[in-house]
Amino acid sequence: MNETRPPERSSSLDWIAGELQEWRRLERLRQLRIRESPHVGGLIQWEGRAYLDFGSNDYLGIAADGKLVDAVRRAAGEHGWGSGASPLVSGYGVLHRRLEEELAALEGVQAVALFPTGFAANLAAVGCLVGTGDVVYSDQLNHASIVDGCRLSRAEVRIFRHLDLQQLEGMMADRSQFRRALVVTDSLFSMDGDFAPLPELGALARKHDCMLMVDEAHATGVWGEQGRGVTEWQAAEAVVDVRVGTLSKAVGSIGGFVAGSQDLIDWIRNRGRSYMFSTALPEAAAAASLAAIRIIRDEPQRRQQLQQVIHWFAEGVRENAASGLCRRLAPGLEASGTAALSQIIPVVVGDERQALTAARLLREQGLFVPAIRPPAVPAGQCRLRISLSSSHTRPQIDRLVEALAGLDCSEET
Ligand SMILES: *Cc1c(COP(=O)(O)O)cnc(C)c1O
């Protein structure tokens, strides 16, 4: 592509070309596409064309809000950009402290530790809770950052089938062989859009002397009356010991956090390797998150509007239950009955090619819905992943439902 690119002389890396070829053959090789617009008004622009955007985690339409942009300008003017060091050395500034305090107030906990990403927060949280001689019980569909946190912790890892509490309790039979034990789960699963039953998990954890850690990445700001997440929504605050959240999804900014007791946070600041050995976020990024969590606190109507959007979508799918891809969604909607549907809606279509074709056909109609493939989901369970946002309008949702109803993967491939 680029004439001036230096020649590669190393042949010890030749194996990579073979691997890439194999991934290409499996249609698994991903290409970056350059987004040409901010996330605004439920739209996204690629290659000069605007699409309805059902592929961002900006669930409350906050990422491009002018309040965040103004906060960043002001903070950068006052504090500069880079923070220069890890929080423990000299990177920790006034705005980091203020953000931690406001997050702790939002979450209703004693203390919060701020991280550069949610991924880093999970690595530190798991690693600070368990180690050699301990055990972690982890849901099969937990996020990659929890999986990696478990692996790095050196604790024994027991993986239970997705949401299978019966299997989990069976596994806990040998709990007494271990020093400490941790149950860890996503609260709202990122590729399946379903919820962990936190009160039940909490009861099991208590009964078998385990800690309970919950990753609220897709729920912070969205679920619960005050936006604390599924923990609040399911009234499980008394049984969840450790909450992890991200500032990069509904909060519309960047960063991650662990929320809990003061002791937990002191321990994490002293023992969390991804906390200690990584540079603090720019203070201006903390300023954006501060502006965002004030929106989350002061504008509960955004959460209510997202519920309205989810309702429009469910209604549309029910009305088209016999058509195209709506056929695949309708049984799930019936099964969940009055139980809440989340803002993440998977449409499982089959193999890579089917998912890619479905995504392409939607794109041709002006809708961006990402195809999700291995390793994000198991082979054969490739899917479209629809993300709804409070900024979607009724006509936009109608167009989505109409497009899904008109699409039948089995015929198109
Ligand atoms: C996105 C995500 C993370 C990581 O958060 P980042 O801030 O993007 O690093 C962690 N857990 C879950 C469940 C996620 O979906």
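Is Asp241 buried, partly exposed or exposed, and what is its relative accessible area? Asp241 is partly exposed, with a relative accessible area of 32%. The points below concern a predicted model and take up the ligand site, the salt bridges and the cysteines.

1. Surroundings of the ligand. The ligand is surrounded by 15 residues, and the closest of these are Gly118, Asp215, His218, Thr246 and Lys249. By character, the shell comprises 10 polar residues, three charged residues and two nonpolar residues. Helix α5, which spans residues 118-129, makes the greatest contribution to this shell, supplying three residues.

2. Polar contacts of the ligand. Three of the closest residues place polar atoms against ligand oxygens. For Gly118 the partner is a polar backbone atom, at 2.8 Å from an oxygen atom of the ligand. Thr246 uses its side chain, a polar atom of which lies 2.6 Å from a ligand oxygen. In the side chain of Lys249, an N or O atom is likewise 2.6 Å from an oxygen atom of the ligand. The ligand taken alone exposes 380 Å², and the protein buries 86% of that area.

3. Arg302 and Asp65. The model contains 27 salt bridges. In one of them, Arg302 pairs with Asp65, and the closest N and O atoms are 3.2 Å apart. The two residues come from distant parts of the chain, 237 residues apart: Arg302 belongs to helix α13 (residues 300-319), and Asp65 to the loop between β2 (49-53) and α2 (66-79). Arg302 and Asp65 are both buried. The pair also forms part of a network of salt bridges that links Asp65, Lys67, Glu299 and Arg302.

4. Arg179 and Asp134. A salt bridge also joins the side chains of Arg179 and Asp134, at 2.9 Å from N to O. Here two loops are connected, with the partners 45 residues apart: Arg179 sits between α7 (165-171) and β6 (181-186), and Asp134 between α5 and β4 (135-139). The partners fall into separate accessibility classes. Arg179 has a relative accessible area of 49% and is therefore partly exposed, as the exposed class begins over 50%. Asp134, at 1%, is buried.

5. Arg206 and Asp241. The residue of the opening question takes part in a salt bridge with Arg206, in which the closest N and O atoms are 3.5 Å apart. Arg206 lies in helix α8 (residues 198-207), whereas Asp241 lies in the loop between α9 (230-233) and β8 (242-246), so the pair ties together parts 35 residues apart in sequence. Arg206 counts as partly exposed, at 41% relative accessibility, and Asp241 is also partly exposed, at 32%.

6. Cysteines. How many disulfides does the model contain? The count is zero. Cys128 is in no disulfide, and the nearest cysteine sulfur, which belongs to Cys150, is 13 Å away. Cys128 is buried, with a relative accessible area of 6%. Why is the sulfur of Cys210 not bonded to that of Cys150? The sulfur of Cys150 is the closest cysteine sulfur to that of Cys210, but the distance is 13 Å, which is too far for a bond because a disulfide requires sulfur atoms within 2.5 Å. Cys210 is buried, with a relative accessible area of 6%.

Methods. Residues are numbered from 1 along each chain as its sequence is written. This is a predicted model: local features need pLDDT of at least 70, side-chain atom pairs count only at pLDDT 80 or more; totals for chains, interfaces and linings use all residues. Side-chain values use heavy atoms; hydrogens and water are left out. A residue is near a molecule or strand if one of its heavy atoms lies within 4 Å of it. A polar contact is a pair of N or O atoms within 3.5 Å; within protein, one must be able to donate a hydrogen and the other to accept it, and residues adjacent in sequence count only if both atoms are side-chain atoms. Accessible areas come from the Shrake-Rupley method with a 1.4 Å probe; for residues, only the protein chains shown count as cover. Helices (H or I, at least four residues) and strands (E, at least two) are DSSP runs, numbered from the N terminus. Ala, Val, Leu, Ile, Met, Phe, Trp, Tyr, Cys and Pro count as nonpolar, Asp, Glu, Lys and Arg as charged, and the others, Gly among them, as polar. A salt bridge is a side-chain nitrogen of Lys or Arg within 4 Å of a carboxyl oxygen of Asp or Glu. Buried means under 20% relative accessible area, exposed over 50%, partly exposed in between (1.4 Å probe, protein chains only).
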